[in-house]
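I opened this entry to keep track of what I looked up, in the order in which I looked it up. The ligand comes before the helices and the core.

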Amino acid sequence: MSIISKTTQLDKHLIKPYLNKDSITVDMTIGNGNDTLFLALNSKKVYGFDIQQIAIEKTEKLLKENGLNNYKLICDSHSNLDKYVSELVDVFVFNFGYLPKSDKTITTNAESSLEALKKALELLKVNGLISMTLYHGHRSGVIEREKILDYVNKLDYNEYYVLYVKPFNQKNNPPEIVLITRKK
Ligand SMILES: C[S@@+](CC[C@H](N)C(=O)[O-])C[C@H]1O[C@@H](n2cnc3c(N)ncnc32)[C@H](O)[C@@H]1O
């Protein structure tokens with residue numbers, strides 16, 4: 001499959017150049033742990049947040065199976081980021097929505113996602129990256145996408161550079177990616 005047509009692969013491709021052996025990273029929505037594993041393999045340390053204990057357990061198992069111990073998994077909302085992370089961060093990954101093949105009523109929502117994004121912007125290093133994958137095929141995702149896009153569109157262009165990646169000619173609301181880097 002071509003890399004541009006699979007959002008989760010495209011996302012990793014875009015994030016990878018921002019990672020090195022000294023990077024501090026945060027997976028803001030760990031889910032099944034695929035992004036957490038990617039970050040742990042490519043950075044010094046990864047923090048991971050999810051409100052579902054099952055996500056924490058699955059991800060811990062996955063990381064252990066891969067022989068990794070450079071992680072801290074937190075069963076709490078990413079909107080409480082500042083309670084757990086005090087160091088500056090190179091890369092944040094948000095993968096909004098609900099856990100595939102799981103309870104679709106447990107989903108990220110506009111209010112806490114925005115709060116988490118604001119806190120992430122404060123901890124982001126200069127030249128660091130925030131990657132957000134937005135799913136708007138479900139109702140709360142439509143509102144979340146609208147609020148997030150509206151917020152990032154108004155970020156000070158002297159301080160942040162925002163890139164919006166949107167599939168253009170596809171059906172069924174495919175996911176979109178927003179990337180933010182800090183300029184100073
Ligand atoms: C689309 S899934 C993430 C997929 C994951 N990145 C992966 O690689 O498998 C979204 C996750 O966000 C979690 N979530 C929902 N609200 C949250 C919140 N306020 N804080 C942290 N995680 C949340 C859900 O429990 C779900 O596991």
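Which of the 23 residues around the ligand come nearest? I noted first that this is a predicted model, and then I found that T29, G31, N32, N34 and N95 come nearest. When I asked which elements give two or more residues to the shell around the ligand, I obtained helix 2 (34-41) and strand 2 (45-50). I also sorted the shell by class, which gave 14 polar residues, seven nonpolar ones and two charged ones.

**Helix 3**

I turned next to helix 3, residues 53-65, whose 13 residues reach 18 Å from the first C-alpha to the last, close to the 18 Å expected at 1.5 Å a residue. I looked up burial along this helix and found A55, T59 and L63 buried. Seen down the axis of helix 3, the buried residues fall within an arc of 60°, so they line one face of the helix. On the other side of helix 3 I recorded Q53, K61, K64 and E65 as exposed. What covers the buried residues of helix 3 includes helix 2, strand 2 and strand 3 (71-75). I also checked what comes after the helix, and noted that helix 3 is followed by G67, which has a positive phi near 70°.

**Helix 5**

I repeated the lookup for helix 5, residues 110-123, where 14 residues reach 20 Å from the first C-alpha to the last, close to the 20 Å expected at 1.5 Å a residue. The buried residues here are S113, A116, L117 and A120. Viewed down the axis of helix 5, they fall within an arc of 105°, and therefore they line one face of the helix. E111, K118 and E122 are exposed on the other side of helix 5. Among the elements that cover the buried residues of helix 5 I listed helix 4 (81-84), strand 4 (89-95), strand 5 (124-134) and helix 6 (139-153).

**The core**

Which residues have the most contacts inside the largest nonpolar core? This core has 33 residues, and I found M28, V91, F92, V93, A120, I130 and M132 to have the most contacts inside it. The elements that give two or more residues to this core are helix 2, strand 2, helix 3, strand 4, helix 5, strand 5 and strand 7 (176-182). As a general reminder to myself, nonpolar side chains tend to be buried together in soluble globular proteins. I closed with I130, which, leaving aside its neighbours within four places in sequence, is in contact with F92, A120, L124 and I180.

Definitions and conventions. Residues are numbered from 1 along each chain as its sequence is written. This is a predicted model: local features need pLDDT of at least 70, side-chain atom pairs count only at pLDDT 80 or more; totals for chains, interfaces and linings use all residues. A residue is near a molecule or strand if its C-beta atom, placed from the backbone, lies within 6 Å of it. Helices (H or I, at least four residues) and strands (E, at least two) are DSSP runs, numbered from the N terminus. Ala, Val, Leu, Ile, Met, Phe, Trp, Tyr, Cys and Pro count as nonpolar, Asp, Glu, Lys and Arg as charged, and the others, Gly among them, as polar. The expected span of a helix is 1.5 Å times one less than its number of residues. A residue is buried if 20 or more other C-beta atoms lie within 10 Å of its own, exposed if 12 or fewer, and partly exposed in between; C-beta atoms are placed from the backbone. The arc is that of the directions from the helix axis to the C-beta atoms. Two residues are in contact if their C-beta atoms, placed from the backbone, lie within 7 Å. A nonpolar core is a set of buried Ala, Val, Leu, Ile, Met, Phe, Trp, Tyr and Cys residues joined through C-beta atoms within 7 Å.
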